[in-house]
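Work through the exercises below with the sequence and the coordinates open. Each task is followed by its solution in steps.

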Amino acid sequence: MAVVKLFGAWLSPYVFRVIWALKLKGIPYEYIEEDLSNKSPLLLQYNPIHKKVPVLVHDGKPICESTVILRYIDEIWPQNPLLPADPYDRAVALFWIKFADDKGYLMLKLYRANGEEQQAAVKEWLEMLEVMEEHALIGVKKLFGGDEINMVDIAFSFVAIWLGVLEDILGLEICEPHKFPRVSSWIQNFKSIPVIKDNFPDTDKMSTFLKHGREMMLTSKSN
Amino acid sequence: MAGELVLLDFWPSPFGMRSRIALAEKGIPYEYREEDLRNKSDLLLQMNPVHKKIPVLIHNGKPVCESVIQVQYIDEVWHDKAPLIPSDPYQRAVARFWVDFIDKKMYELGSKIWKTKGEEQANAKKEFIECLKLLEGELGDKTYFGGESLGYVDVALVPFYSWFYAYEKCGDFSIEAECPKMIAWVKRCMQKESVAKSLPDQEKVYEFILQLKKVFGIE
């Protein structure tokens, strides 16, 4: 039987992308938690270029970069497909996945920012949410995948879940429902999907951990 | 399947070159439209409202944006000739990984080489060469990244060659001296008509960079 291993870290939105894909397709896997401050030799061997999680290892062969992993999973295990079959629809889906991937840096940017930098980071988040509201979600009734989630929904999961964690620890409301009704509605729909609900990150633990981490970071900055 | 194909592009864009090569490899006729990026056409703004960038591939009136997505789309729709993306899922994942690596590194590092000076430029040069060496490692003894024929990674990477002369002049270094295997691979690619015809002359690109430096007020 083929062996699937996933190297991950409990906080990482990119790791959760892979977990949800594997769960959705019913693929058994072994999960290995990595301490990102003390990466295992095995992780460094499997991902020498980026040295990051997630890394999927299938039959001893490593696949790195979450979107590359998702596409691999979708191709090897075609049940519950994560991308449209039609080439044009797929090109559109891939466009939005790339858009979401290219905006992932906003999480850390907001987390690390203070004062003026925070205002700038919030502005960038609002611009991103506006594109989701005015472009990405046009014509989307429930989820990007229709009634079920697909790779586009999974790619935007950092907006659905991790933005909320950041809002919580920073005491900010960025995705205001009256300003972003489509995004807010999509977030609720995303969170209510069984595979997401049943494999939901520990956001309380994240908030506590990240709040503390941010305090330490800001204190050391001002020292 | 054929239908109407338009490519909105800008001659020095390495991203546009990717789509040009893919279309040429498969012998697909299309209309090339040059965009003036200081005065973008209504069509461009309409077809790529999110990024307002080239290249945009318009197939039967419907836009495909992002060069790597265009290459994949072209490969899928015109799958019977000159396949670019590996058929094996694992090889496909490896190819996608390297295209992602190229996208994350090459343009940004290259830009730093011609835009900056001093320590910032030195660091960019160092990292740029390191990236090329990693790519050389991936190429190994193969003729192309795609094996015996041009593949996805080749198409994604080779356009940056048209900027090498500009990087070398601005950065005062020799890419061939540091990465001879890379240049040998480039030369093999340039023997293909699809590549040679899709890449602009390096001197022309250098002149263009010098103009940009004037506009940006960079010494």
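The exercises concern a predicted model, and they go from the chain contact to empty space, backbone geometry and salt bridges.

**Exercise 1. The contact between the chains**

Task: Describe the contact of chain B and chain A by residues and by buried area, and find which residues of chain B lose the most area.

Solution.
1. Count the residues on each side: chain A gives 23 residues to the contact and chain B gives 26.
2. Take the buried area: about 2,300 Å² is buried between chain B and chain A, with 71% of it on carbon and sulfur atoms.
3. Rank the residues of chain B: Tyr90(B), Arg96(B) and Phe97(B) lose the most area to chain A, and together they account for 27% of what that side buries.
4. Look for charged pairs: five salt bridges are counted between chain B and chain A.
5. Return to Arg96(B): its side chain meets that of Glu75(A) in a salt bridge, at 3.0 Å from N to O.

**Exercise 2. An annotated span**

Task: Locate the span that UniProt lists as "domain: GST C-terminal" in chain B and state its helix and strand content.

Solution.
1. Read the record: an unreviewed UniProt entry lists residues 88-208 of chain B under that name.
2. Assign the secondary structure: the span is 74% helix and 0% strand.
3. Take the ends: the C-alpha atoms of the end residues lie 40 Å apart.

**Exercise 3. A pocket and a cavity**

Task: Give the volume and the lining of the second largest pocket, then do likewise for the largest cavity.

Solution.
1. Start with the second largest pocket, whose volume is about 550 Å³.
2. List its lining: there are 29 residues, and Val92(A), Ala93(A), Trp96(A), His135(A) and Ala136(A) are the closest to the centre.
3. Map the lining to elements: two or more residues come from each of helix 4 (87-103) and helix 6 (115-136) of chain A, and from each of helix 2 (42-47) and strand 4 (62-65) of chain B. Helix 4 of chain A has the largest share, seven residues.
4. Sort the lining by class: 19 residues are nonpolar, six are polar and four are charged.
5. Turn to enclosed space: the structure holds one cavity of 30 Å³ or more, and the largest cavity has about 40 Å³ of space.
6. Name the residues that line the largest cavity: Pro87(A), Arg90(A), Ala91(A) and Leu94(A) from chain A, with Ile69(B), Gln72(B), Tyr73(B) and Glu76(B) from chain B.
7. Map these too: helix 4 of chain A and helix 3 (67-77) of chain B each supply at least two lining residues. By class, the lining has five nonpolar, one polar and two charged residues.

**Exercise 4. Backbone geometry**

Task: Which peptide bonds are cis, one in each of two loops, and what is the phi of Glu65(A)?

Solution.
1. Recall the background: most peptide bonds are trans, and most residues other than glycine have a negative phi.
2. In chain A, the bond between Val53(A) and Pro54(A) is cis, with omega about 0°. Pro54(A) sits in the loop between helix 2 (41-46) and strand 3 (55-58) of chain A.
3. In chain B, the bond from Ile54(B) to Pro55(B) is cis, with omega near -5°. Pro55(B) sits in the loop between helix 2 and strand 3 (56-59) of chain B.
4. Glu65(A), not a glycine, has a positive phi of about 80°. Its place is the loop between strand 4 (61-64) and helix 3 (66-76) of chain A.

**Exercise 5. Salt bridges**

Task: How many salt bridges are found over all chains, and which elements does the pair Glu30(A) and Lys5(A) link?

Solution.
1. The whole structure has 26 salt bridges over all chains.
2. Glu30(A) and Lys5(A) form a salt bridge, with their closest N and O atoms 4.0 Å apart.
3. This pair links distant parts of the chain, since Glu30(A) is in strand 2 (residues 30-33) and Lys5(A) in strand 1 (residues 4-8) of chain A, 25 residues apart.

Terms used. Residues are numbered from 1 along each chain as its sequence is written. Chains are lettered from A and ligands numbered from 1 in the order in which they are written. This is a predicted model: local features need pLDDT of at least 70, side-chain atom pairs count only at pLDDT 80 or more; totals for chains, interfaces and linings use all residues. Side-chain values use heavy atoms; hydrogens and water are left out. On a 1 Å grid over the protein atoms alone, a cavity is a set of points where a 1.4 Å probe fits but cannot get out, and a pocket is an open set with protein on both sides within 12 Å along at least five of seven lines; lining residues have an atom within 4 Å of a point. Grid points are joined across faces, edges and corners, and a volume is the space filled by probe spheres set on the points. Helices (H or I, at least four residues) and strands (E, at least two) are DSSP runs, numbered from the N terminus. Ala, Val, Leu, Ile, Met, Phe, Trp, Tyr, Cys and Pro count as nonpolar, Asp, Glu, Lys and Arg as charged, and the others, Gly among them, as polar. UniProt positions are given in the numbering used here, feature names are shortened, and annotations may be inferred rather than shown by experiment. Contact means heavy atoms within 4.5 Å. Buried area is the accessible area (1.4 Å probe) that two parts lose on being put together, summed over both.
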